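Here's a quick walk through this one, with the sequence and coordinates to follow along. Keep the viewer open while you read.

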Amino acid sequence: MSASNSQGIQTLLEAEKEASRIVQQAKQYRVQRLKEARSEAAKEIEVIKAEKAQEFKAMEQEHLGSSDQGAQKVLQETQESMKHVEAAFKENKEKVLAKLLETVTNVKPKIHVNARA
């Protein structure tokens, strides 16, 4: 009976070793599969990044022309506004100067309301 017990124990030990080997292979397969999945995901991310960068450059080029046009328009409006300001300055310069000189030369001293005792 001890021979059959010994053989039964030996069979169980071999089955346990085989099961352990199968579990180890499964773990290795899972780790390898995770590494492959990460690698594939990284490649897909790089492809998407490249596509988005290309789309961004295309959009940037499309809108770059309109921003140049906008800058030109703003510059032109600014120049026109400056011309109007300069014209108003030339037109009113003498009037303002006369008014300023009149105010400075014709001082009428008064006692302030709060200064009266």
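## One helix, end to end

Lys83 sits in helix α1. With a relative accessible area of 59%, Lys83 counts as exposed, since the cut-off for that label is over 50%. From Lys83 to Ala115 the C-alpha distance is 48 Å, for a separation of 32 residues in sequence. Before going further, keep in mind that this is a predicted model.

So what does the chain have in the way of secondary structure, and how many strands? There is one helix and there are zero strands. That helix, α1, covers residues 2-105.

**Overall dimensions**

How does the radius of gyration of the chain stand against that of a compact globule? For 117 residues a compact globule would come out near 13 Å, but this chain has 46 Å. Along the principal axes, the C-alpha atoms fill a box of roughly 140 × 60 × 10 Å.

A few residue pairs give a feel for those dimensions. Ile9 and Lys93 are separated by 84 residues in sequence, and their C-alpha atoms are 117 Å apart. Ser81 and Ala37 are 44 residues apart along the chain, with 63 Å between their C-alpha atoms.

Two of those residues are worth a closer look. Ile9 is in helix α1, and at 51% relative accessibility it counts as exposed, because the cut-off is over 50%. Ser81 is also found in helix α1, but its 39% relative accessibility makes it partly exposed.

**Surface and charge**

What share of the residues counts as buried? The answer is 0% of the 117 residues. A residue would have to be under 20% relative accessible area to get that label. The accessible surface of the chain adds up to about 11,500 Å², and carbon and sulfur atoms account for 59% of it.

On the charge side, the chain carries 20 positive and 18 negative side chains. The centres of these two sets lie 9 Å apart.

There's a nonpolar spot to pick out as well. Leu97, Leu100, Leu101 and Val104 make a nonpolar surface patch of about 380 Å². One of them, Leu101, has its place in helix α1.

**Salt bridges**

How many salt bridges does the chain have? The count comes to four. Three of the pairs, with their closest N to O distances, are set out here:

| Pair | N to O distance |
|---|---|
| Arg21 and Glu18 | 2.2 Å |
| Arg33 and Glu40 | 3.9 Å |
| Glu55 and Lys52 | 3.7 Å |

Take Arg21 and Glu18 to begin with. Both belong to helix α1 and are three residues apart, about one turn of the helix. Arg21 is partly exposed at 40% relative accessible area, and Glu18 is partly exposed too, at 34%. If you plan to use the coordinates, the 2.2 Å value for this pair is the one to look up in the viewer.

Glu55 and Lys52 follow a similar spacing: they are three residues apart in helix α1, so about one helical turn separates them. Glu55 counts as partly exposed, at 46% relative accessibility.

Then there's Arg33 and Glu40, whose N to O distance is 3.9 Å. It makes the list because the cut-off is within 4 Å. Arg33 has a relative accessible area of 38% and is partly exposed. Glu40, at 41% relative accessibility, is partly exposed as well.

Which residues are linked in a network of salt bridges? They are Arg33, Glu36 and Glu40.

**Pulling it together**

The picture is of a chain with one helix and zero strands, and a radius of gyration of 46 Å where a compact globule would be near 13 Å. None of this leaves a buried share to speak of, given the 0% figure. On the surface you'll find four salt-bridge pairings to inspect, plus the nonpolar patch made by Leu97, Leu100, Leu101 and Val104.

Key: Residues numbered from 1 in each chain as written. Predicted model: local features only at pLDDT ≥ 70, side-chain atom pairs only at ≥ 80, totals over all residues. Heavy atoms only, no water. Salt bridge = Lys/Arg side-chain N within 4 Å of Asp/Glu carboxyl O. Helix = DSSP H or I, 4+ residues; strand = E, 2+ residues; numbered from the N terminus. Buried < 20%, exposed > 50% of the residue type's maximum accessible area, 1.4 Å probe, protein only. Patch = residues over 30% accessible without salt bridge, like charges linked within 9 Å, V, L, I, M, F, W, Y side chains within 5 Å. Areas by Shrake-Rupley, 256 points an atom, 1.4 Å probe, with all protein chains shown as cover. Rg over C-alpha atoms; globule rule 2.2 N^0.38 Å. Lys, Arg positive; Asp, Glu negative; His and termini not counted. Charge placed at Lys NZ, Arg CZ, Asp CG, Glu CD.
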